[in-house]
Amino acid sequence: MPATRPTAFFDPGSGLAVLSTPHSCYAVRIGTDGSPRHHYWGTPLDLAELSGLPPAVSPADSSFEADAAADELAPQTGARFGPAGLQVRFADGTRGAQWRFTGHTVDGGELRLHLSDRHYPLAADLCYRVRAGSDVIERWTELTHTGGPADGPITVDRLDSASWTAPRLADYRLSHLVGGWNSEFQLQRDRLPIAETVLTSRRGITSHHANPWLAVDDGTATEEHGEVWSTALAWSGSWRITVHRDPVGRTTWTGGFGHEGLHWTLRPGEALTTPVFAGLYTPHGFGAASRAWHDHIRGHVLPQPRRDRPVVYNSWEATHFDIDLAGQFRLAELAARLGTELFVLDDGWFGARSSDRAGLGDWSPRREAFPDGLRPLADHVHRLGMDFGVWVEPEMVNADSDLFRAHPEWVLHAPTREATELRNQLVLNFAHPEVEAWAQLTLDRLVRENGVDWLKWDANRAFTDVGWAGHPDPDRLWIDHTRAVHRIMDRLRDDHPSLRIEACAGGGGRVDLGMLARTDQAWTSDNTDPVDRIGIQHGYSQLFPAQTMAAWVTDCPNAATGRTTPLRFRFHVAMAGALGLGGDLARWSSEELREAADLVARYKAIRPLVQHGHQHRLTGQDGVSAVHYAADDDTAHALLVWRPTTRFGHRPAALRLPALDPDARYLDVDSGRTHSGTTLRHCGIDLPLPAGDYASCLIRLARLD
Ligand code: GLA
């Protein structure tokens, strides 16, 4: 039943709830015990075909239970022995929910299954949404205490957004993203063990170490071929996803906000709503899965997807804390001459912030650096034809700051524990309404009074010693802090419609669908070494589109790795995302400045393809890798090709371009040669790579008709 428009419906006859997207279908069956059970997720099927499918039971489940298909959200009762998606405790100590299905509602592409506990005053909605033109199924849960004061509170130990089930496959492989500071988004692709595999962040931010995205396949999928089921959680705080492969052929995973050991109290009348956990099925390999995610993020997540991301200059690596007005003026002038469109003043402009030991929290300009405030710099940047951006880290405070001296009670702390400082800073409790109000006002004033067009919103450390003295339900802050961050960003955007926000957390420590719903791009990593970046960007692109991937060209030797690479190679790697410059331009030779200006212009020429086209990741021979960006209508193509190291006797082999139309002819815009699509798909294109290490090239193709 290929659906041109996504649909959601419930069929009372079969008891099936069905979500149809253009190229996939998802079905849920109400189990004999009233619990929604997974029925099907894959290629489109019609209702008759879906009704004819046997229940998706696993032989590993209890053979005594009548209905042992995987739960849509396992409620911790009955013969269920896998990870629970919902864990609750009632006032009398009883655990788990025993559901009765009470009905459904459908509203356009949104379907809700209503459940209530058979004995206790607890209700849940399992929510599903499909959107126009997208194969992504969005899921979340709403839990409500429906009782009165006499029922007492209900303790929620776990509330996942959704549980997902892959069909029975010959084998299972898990793809996910791991890493650390300076090495985010490393793609890990391994056979899934017969075990419970936990992917999690306990850090209060999404984390550098794991990202809440994963993909499951049978071990044979490639970039171009094979069925892939993947999911991504739209949450920017702590999270947990538990993947469970049982011994006889079933893999499920359940995920949501919060890590283990937290609990929240639900009082009579209160509700708890989870973030969205989105899922995508594609039969055409990892590349198609990524492109479908990119389309979904552009179509339904990003606030302003059609707006070009500007070429940024950021002065952090050039000046660090050594900032003064004259130096920033000079950098802004040089940057403008190179064609940059946005100048961002990074850390060090405020309070007593002459190092990372002081000043965080005091968001007024540092007098020694900016005696007349930020306006003179903002005006100068605007006169140069660029937008003006400012770095902030609103959730953090140095102990050596006026803010901390005035409000020591605003930081996350347990009164009986020593506060752990990381990068000499503490975390403010944004769950506290006073702190949220302060942050909103401070940022609003900063933007309003200084003509700020862009905020780079950083968060350089993880949560520790998390306490909220005197609060009856202190674990709430793990959720409410993140919600406050989201809310402040949303309000800033509402109040300043042309304001753009860049997500940053010590590099790429907080990039997720929740963040991208209110930011324009993300700082991918503090590691700007182009060789390392190829791997980081490869991982990033599994889920996130290139227009959100901030990538700077910086100085050599690289600050993170000490490696020296040609300017052109650094550019060609950074041009695969939202290009920026981050070097000390005052030290660049006139030859380097000329080359940089030329490469910025070349980037602008391919920007529509990089930022709004379709991305194909390519792997060549002998260490060659590339990304190919194709226009929607196939008229134009750009390829960025990299070969970090060379080997004697290994001329780079031609690179095959499987995304091209075999029936078309293409002009290589720079060489003037023409090729048939079939030749380029099957024999490849010759790579004009220079000799030596760190070789790279940009190839542009135009379709001839
Ligand atoms: C983090 C960011 C950097 C820079 C510094 C400033 O590390 O990722 O880009 O802004 O903070 O302190």
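Here, a residue is called buried when under 20% of its relative accessible area is left, and exposed when the value is over 50%. These close-ups all come from a predicted model.

**View 1. Strand 34 is mostly covered.** This strand spans residues 636-643, and seven of its eight residues count as buried. On one side, strand 34 pairs with strand 33 (residues 625-630): the two run antiparallel and share six bridges. Look for Ser625, whose bridge partner in strand 34 is Trp642. Five residues sit between the strands of this hairpin, and Asp634 takes a positive phi near 70 degrees there.

**View 2. Strand 34 also pairs with strand 37.** Eight bridges hook strand 34 up with strand 37 (residues 695-704), again in an antiparallel arrangement. One pair to pick out is Ala638 with its partner in strand 37, Arg700.

**View 3. Strand 35 has two faces.** In this strand, residues 665-668, Tyr666 and Asp668 make up the covered face, while Arg665 and Leu667 are on the uncovered one. Strand 35 runs antiparallel to strand 36 (residues 674-676), with three bridges joining them; Leu667 is partnered with Thr674. Their hairpin has five residues between the strands, and here Gly672 has a positive phi near 80 degrees. Strand 35 also pairs with strand 37, antiparallel and through four bridges, and Arg665 has Leu704 as its bridge partner.

**View 4. The largest pocket has a volume of about 660 Å³.** It is lined by 37 residues, and Trp181, Arg423, Asn460, Gly506 and Asp526 are the closest to its centre. The lining is a mix: 14 nonpolar, 13 polar and 10 charged residues.

Definitions and conventions. Residues are numbered from 1 along each chain as its sequence is written. This is a predicted model: local features need pLDDT of at least 70, side-chain atom pairs count only at pLDDT 80 or more; totals for chains, interfaces and linings use all residues. Side-chain values use heavy atoms; hydrogens and water are left out. On a 1 Å grid over the protein atoms alone, a cavity is a set of points where a 1.4 Å probe fits but cannot get out, and a pocket is an open set with protein on both sides within 12 Å along at least five of seven lines; lining residues have an atom within 4 Å of a point. Grid points are joined across faces, edges and corners, and a volume is the space filled by probe spheres set on the points. Ala, Val, Leu, Ile, Met, Phe, Trp, Tyr, Cys and Pro count as nonpolar, Asp, Glu, Lys and Arg as charged, and the others, Gly among them, as polar. Buried means under 20% relative accessible area, exposed over 50%, partly exposed in between (1.4 Å probe, protein chains only). Two strands pair if DSSP finds at least two bridges between them.
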